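Trainee: Could you take me through one part of this model slowly? I would like to see how a single piece fits in with the rest.

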Amino acid sequence: MTSPFILLALAICAAAVAIHGAGRNLSRRVRRPALLRAGALAAGAILLPLNISSALADGPPDGLGQPLAAFVIIVNLAVLSGLVALVMANWIRRVPVQIPRRVLALGAHPDDIELGCGATLAKLYDSGHEVHALVMSHGERGGDASSRPEEARRGATFVGLTSVQVLDLPDRRLADSMMEMADAIEHAIHRLNPDIILTHSRNDLHQDHRAVHEASLRAARRHSAILCYESPSVTDAFQPSFFIDVEDYVDVKVTAVGLHKDQRDKPYMSPERVRGLAVYRGAQAKTRAAEAFEPVRLLGSQVGVL
């Protein structure tokens, strides 16, 4: 008959493999996924040798077998209960809204949307909102044009976007394609009828970001809810007055940004920078972590309860 301790050891191995195999999916469902992985490793390091040694032991003296077996089982239950408690404490709880909104996010390059508002978009999706993205270029002057569009689609899928469209307008010269951009944005607005539009700020050093901002205002000239997100190249003139609490979604954003592997050597792509900015904006908003926006126009009935 197979020892129950062998079965426990096999179950622990399977659980550890499952947690580590979950990888990206785990990062989308829990806060601090690295802590959870560390907890799983610690649990395995404690329980695996304990159960194997108990199974292989010749047996303690008479009268001690049952108490020792009971002790081993109690240790198993205590460690596994602690691991479950750790998961539950960090599980991202979705709070569905009564009136779902439709959101359109605009970006100049494949990684701009995740960097600027990735945590917000993930939170909106989890709350039941419909989220779409339109990217203007393949980013060929700043990286590998053959891989960056696919990275944009991969990041969008991870965050939860309903759709993402990547155009092939000239990187670093988007101002030369102002009419094409405005037409593409206007077409997306007509097709999707978004309640909220997220775009670049005018207070940005990157010429493509400013061009997308201008094209957005042209195309959305009749729209009543436009928010400008923060990119790594905004100037000191960027003065946000609208914040989204993203405490549960900072690690989601870190993972989404990390999917843009072509840009991973850029300093602003590092997890430390992403987390640091979220904490800084959170301090301004009097919460733990936030993403910041400059409103161009913000009609309350369009935004509702995000």
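Trainee: Among contacts in the protein chain between residues at least 6 apart in sequence, what percentage join residues at least 24 apart? After that, please give me a close look at helix α4 and its partner, helix α5.

Mentor: Happy to! This is a predicted model, where local features need pLDDT of at least 70 and side-chain atom pairs count only at pLDDT 80 or more, while totals for chains, interfaces and linings use all residues. Residues are numbered from 1 along each chain as its sequence is written, and side-chain values use heavy atoms, leaving out hydrogens and water.

Your percentage is 83%, where a contact means heavy atoms within 4.5 Å. The protein chain has 306 residues, and 47% of them count as buried (under 20% relative accessible area; exposed is over 50%, partly exposed lies in between, with a 1.4 Å probe and protein chains only). It holds 10 helices and seven strands (DSSP runs numbered from the N terminus: H or I of at least four residues for helices, E of at least two for strands).

Now find α4, residues 112-126. Of its 15 residues, 13 are buried, so the helix is mostly covered. Its end C-alpha atoms are 21 Å apart, which agrees with the span expected for 15 residues at 1.5 Å a residue (1.5 Å times one less than the number of residues). Look at G118, where α4 bends by about 75 degrees (the angle between axes fitted to the seven residues ending there and the seven starting there). After the helix comes G128, with a positive phi near 105 degrees.

G118 also belongs to the meeting with α5: E114, G118, L121, A122 and Y125 on the α4 side touch A152, G155, A156 and V159. By class, that contact has six nonpolar, two polar and one charged residues (Ala, Val, Leu, Ile, Met, Phe, Trp, Tyr, Cys and Pro are nonpolar; Asp, Glu, Lys and Arg are charged; the others, Gly among them, are polar). The two axes come within 9 Å and cross at roughly 35 degrees (lines fitted to C-alpha atoms over the stretch in contact, with angles from 0 to 180 degrees between N-to-C directions).

Finally, stay in α5 for E151, which is buried, with a relative accessible area of 6%. Beyond its neighbours within four places in sequence, E151 is in contact with L259, H260, K261 and D262. Its side chain reaches the backbone nitrogen of K261 at 3.3 Å. E151 and V257 are 106 residues apart in sequence, yet 9.6 Å apart in space, C-alpha to C-alpha.

Definitions and conventions:
A polar contact is a pair of N or O atoms within 3.5 Å; within protein, one must be able to donate a hydrogen and the other to accept it, and residues adjacent in sequence count only if both atoms are side-chain atoms.
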